[in-house]
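Work through these exercises with the model open beside you. Try each task before you read its solution.

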Amino acid sequence: YFCAEAELATETDTQEDVFNRILKANADTTQRLREGDIVVTKSRSAIGCSDHSCFWPQSSDGIVRVPYVFSPDYDEAQKRWINEAMAEFEILTCIDFVNHTTESDYLRIKSGKGCWSHYGKIGGGQILSLMKKGCMWKGVIQHELNHALGFLHEQSRSDRDSYVKIMWEYISAGNFKKSENSNNLGLQYDYSSVMHYGTNAFSNTPGRATIIPIPDASVPIGQRYGLSNLDVAKINKLYNCNHCSTVLDSPSGSLSSDNHTSKYSSSNATCFWLIRIPSKRVSLQFDAFSLKSSTDCKTEYVKIYDGVSQSSEVLLDKTCGTKSPPVVTASGRTVLVEFVRGGTGAATGFKISYSSAERIKNVC
């Protein structure tokens, strides 16, 4: 299992974007698809679903539980890989993928021919295809899950012509339809969305781009790692999630509690930062640290995980007080930082800088 998962993880480091992977996997599919990976049914998106029938319902506790069942196609490593992709939704949003029991509406995740999904909740046991050989990358899995939650491709937004130029003369099929009535949730266009086409999607001429960012053609599109910070913001806004979460995906940067140099006045809260660097290993250094002390740091604390969820190995257990923690280095390029704030007080908070360290080579 360890070597199989390590192989999957290594494949995410290649330069191929999410949507190009999807198109390759779908080359031989017999499923009728729109825009490369959306099942042809009644055309709709959760963003434009006025009666909310294509939303997954939100429970009274604020959690949106999406039941799913795996077909017998997958081995344990593949199921764990899909679950890890799901875990990012669960830690950063109010979406919770749960094992199907008796629910009438649920996802049937199977290894069909290709990577594809429906728009939003269509009712019953709806198929979401993640082919074992071709779709087992985190960004691809999250792309299809996002369709199931009810999201369009980013360049299908009604305002896309202000951000990208579609090169119609190089397009092999009509897969660049714009949604004239999309509700863009008041959030900006996201070139780095896991839902964005790559530069050469559906090109009929080798080397010719079909989609070019404007006004700056050098802006990267077609990422390959997973949910962007704006992808998370859109899910939280569409589903009315009360979540404090941020994705940081630059090679280096920093994060801090609110007003880390002054007394904070916010009430109890929990915030998460998912740091996902492009390569090597994440290394974190505390530049400032002052949290209220309490027995076993129950009142407020910082905790750091070696992965994408609270079930990942702990790199730094609950820490509080005024003694700055040591440098923390992960085993890979993903780290989760959890901050539990314990109401008002005299503490000043913290600031963390992160960068990349050399990666340890896997030995199988």
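**Exercise 1. A strand with two partners**

In which sense do strand 5 (residues 106-110) and strand 7 (residues 125-130) pair, and over how many bridges?

Solution. Start with the ground rules. This is a predicted model, where local features need pLDDT of at least 70, side-chain atom pairs count only at pLDDT 80 or more, and totals for chains, interfaces and linings use all residues. Residues are numbered from 1 along each chain as its sequence is written, and side-chain values use heavy atoms, with hydrogens and water left out.

Step 1. Fix the terms. Strands (E, at least two residues) and helices (H or I, at least four) are DSSP runs, numbered from the N terminus. Two strands pair if DSSP finds at least two bridges between them.

Step 2. Read the pairing. Strands 5 and 7 are parallel, with five bridges. K110 faces S129 of strand 7.

Step 3. Look for another partner. Strand 6 (residues 115-116) runs antiparallel to strand 7, joined by two bridges. Here W116 is opposite S129.

**Exercise 2. Two open sheets**

Give the strand order of the four-stranded open sheet, and name its edges.

Solution. Step 1. The order is 11-18-13-16, and the pairing is antiparallel.

Step 2. Strand 11 (253-256) and strand 16 (328-329) each have a single partner strand, so one side of each lacks a neighbour in the sheet.

Step 3. Go to the interior. Strand 13 (residues 281-290) and strand 18 (residues 349-357) run antiparallel and share nine bridges. F289 stands across from F350 in strand 18.

Now do the same for the five-stranded open sheet.

Step 1. Its order is 10-12-17-14-15, with mixed pairing. Strand 10 and strand 15 (314-319) are the edge strands, pairing on one side only.

Step 2. On average, neighbouring strands in this sheet are turned by 15° against each other, direction ignored. Axes here are lines fitted to C-alpha atoms, for helices over the stretch in contact; angles run from 0 to 180 degrees between N-to-C directions.

Step 3. Strand 10 runs parallel to strand 12 (residues 269-276), with five bridges. S245 is opposite F272 in strand 12.

Step 4. Add the helix. Helix 3 packs on the sheet and touches strand 10, strand 12 and strand 17 (334-341). The direction of helix 3 makes about 145° with that of strand 12.

**Exercise 3. Two helices**

Why is helix 5 (residues 229-238) described as largely enclosed by the rest of the structure?

Solution. Step 1. Count. Seven of the 10 residues of helix 5 are buried, so the rest of the structure largely encloses it. Buried means under 20% relative accessible area, exposed over 50%, and partly exposed in between (1.4 Å probe, protein chains only).

Step 2. Name them: L230, D231, V232, K234, I235, N236 and L238.

Step 3. Find what covers them. These buried residues pack against helix 3 (76-92), strand 4 (95-99), helix 4 (138-149) and strand 10 (244-248).

Step 4. Check the end. N240, just after helix 5, has a positive phi of about 55°.

Step 5. Turn to helix 4. In helix 4, 12 of its 12 residues are buried. Helix 4 reaches 16 Å from first C-alpha to last, close to the 16 Å expected at 1.5 Å a residue. The expected span is 1.5 Å times one less than the number of residues. Just after helix 4, G150 takes a positive phi of about 110°.

**Exercise 4. One loop, two residues**

Is H196 buried or exposed?

Solution. Step 1. H196 sits in the loop between strand 8 (164-166) and strand 9 (211-213). H196 is buried, at a relative accessible area of 1%.

Step 2. List its surroundings. Contact means heavy atoms within 4.5 Å. Beyond four places in sequence, H196 has contacts that include F19, E154, Y189 and I221.

Step 3. Find the polar contact (a pair of N or O atoms within 3.5 Å; within protein, one must be able to donate a hydrogen and the other to accept it, and residues adjacent in sequence count only if both atoms are side-chain atoms). The side chains of H196 and Y189 make one of 2.8 Å.

Step 4. Consider N183, also in the loop between strand 8 and strand 9. N183 is partly exposed, at 40% relative accessible area.
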